[in-house]
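Me: I am new to this structure and would like to go through it in short questions. Could you show it to me before we begin?

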Amino acid sequence: MVVLQFDMRASPDCPEPAAVRYRACLDMVRWADRQAIDVVGFSEHHNTEDGFLSSPLLLATAAAACTSRVRLSVSALLLPLHEPLRIAEDIAVLDLLSGGRFSATVGLGYRESEYRSLGVDWARRGQILDEKIALLLQAWGGEPFSYRGERVQLNPLPQRPARQLLCVGGNSVPAARRAARFGLMFAPAIDDPALAEAYETACREAGFEGGLVIYPREPSLTLIAEDPERSWAEIGHFLLYDARAYQQWRHPTRRAYAESAATSLDELQHEGKYRILTPAQALESMRQKGSLNLAPLCGGVPLEHGWRSLELYAERVAPAFAEAGA
């Protein structure tokens, strides 16, 4: 699986304004629709200093309108921070507009400041997520129900069932149990067999036979270059900015591959969570792992470098992978 990832975060050194980069993002999504790209993914965070994407459903809707093949995903959609009936409506429209190509992974998030800024009780976040997932599923069921003292009924409904629209993310046993309890797929943030075991046990207890764990497969944010050492020298500081920005958000319970421990460019380069690979190295990585996570705008990487990375994938990696029958 080849994923094209966007979170729109940009270092202060980024040479292009946000308006230019958002339009370029959609250009890249259109490009992905014509290439051997399986999924375009969007992330969500709020109240940031570096322009992290705060409206992923809106950007996914724009992406749906300008594509016809590639799948679209928001991971993670921080459901506790949203009005759930509006989210149910938006995802229903996205499902219709995209022709069934959209899905979302819902999660709690890990930044208390986001909850405070949006007036949501951090201490009750697990309970709030449960309540809002339940409302999404009830709304998509199509029948009228009572909500805040009013009779409501979702119309239009999504064309696909909830299990194809929604899965539950997280890195804890409670998250695994939550997914099973609601009869949804589980997408942990880390490849932990203990989480899969907890999910499978909870599925059996709930009588849910359609359970599925979607593993992240040790993803590394990847760009492709003909001369990686030169590219590290030219754009490595954007990747280091991204890594350090995530470090500042570190939460004691967070376990995810995005957590880098690097404090220098040299450490980041050798750690392996951010990679700049030659086309041959990218091809070998795909053969070994079966996946590739392309991040052409990571941390504010200039557009010319992001586009060249994608062009090398299309010209030198994807054809060789297809020719090998992998």
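Reply: The turns below take up salt bridges, cysteines, one proline and a pair of strands.

Me: What kind of model is this, and how are residues numbered?

Reply: This is a predicted model, in which local features need pLDDT of at least 70, side-chain atom pairs count only at pLDDT 80 or more, and totals for chains, interfaces and linings use all residues. Residues are numbered from 1 along each chain as its sequence is written, and side-chain values use heavy atoms, with hydrogens and water left out.

Me: How many salt bridges are there?

Reply: The count comes to 19 salt bridges, where a salt bridge is a side-chain nitrogen of Lys or Arg within 4 Å of a carboxyl oxygen of Asp or Glu.

Me: Which residue does Arg148 pair with?

Reply: Arg148 forms a salt bridge with Glu83, at 3.4 Å from N to O.

Me: Where do those two lie?

Reply: Arg148 is in the loop between strand 5 (145–147) and strand 6, while Glu83 is in the loop between strand 3 (71–77) and helix 3 (84–98), so the pair ties together parts that are 65 residues apart in sequence. Helices (H or I, at least four residues) and strands (E, at least two) are DSSP runs, numbered from the N terminus.

Me: Is Arg148 buried or exposed?

Reply: Arg148 counts as exposed, at 67% relative accessibility, whereas Glu83 is partly exposed with a relative accessible area of 27%. Buried means under 20% relative accessible area, exposed over 50%, and partly exposed in between (1.4 Å probe, protein chains only).

Me: And what does Glu226 bind to in a salt bridge?

Reply: The partner of Glu226 is Arg308, with the closest N and O atoms 3.6 Å apart. Glu226 lies in the loop between strand 9 (221–224) and helix 9 (228–248), and Arg308 in helix 12 (residues 303–323), so this pair ties together parts that are 82 residues apart in sequence. Salt bridges that share partners join Glu226, Arg308, Glu311, Glu315 and Arg316 into one network.

Me: Changing topic: how many disulfides are there?

Reply: The structure holds zero disulfides, a disulfide being a pair of cysteine sulfur atoms within 2.5 Å.

Me: Why is Cys14 not bonded to Cys298?

Reply: The closest cysteine sulfur to that of Cys14 is in Cys298, but it is 11 Å away, which is too far for a bond. Cys14 counts as buried, at 13% relative accessibility.

Me: Now Pro158. Where is it found?

Reply: Pro158 sits in the loop between strand 6 (150–152) and helix 6 (162–165). Pro158 counts as buried because its relative accessibility is 12%.

Me: Which residues is Pro158 in contact with?

Reply: Leaving aside neighbours within four places in sequence, Pro158 is in contact with Ala92, Asp95, Leu96, Trp140 and Leu165; contact means heavy atoms within 4.5 Å. Its C-alpha atom is separated by 25 Å from that of Ala176, 18 residues apart along the chain.

Me: Last topic: in what sense do strand 7 and strand 8 pair?

Reply: Strand 7 (residues 166–170) and strand 8 (residues 185–188) pair in the parallel sense over four bridges; two strands pair if DSSP finds at least two bridges between them. Gly170 stands opposite Pro188 in strand 8.

Me: What do these strands make with helix 7?

Reply: Together with helix 7 (residues 173–181), strand 7 and strand 8 make a right-handed β-α-β unit. A crossover is right-handed if, with the strands pointing away from the viewer, the path from the first strand over the helix to the second runs clockwise.
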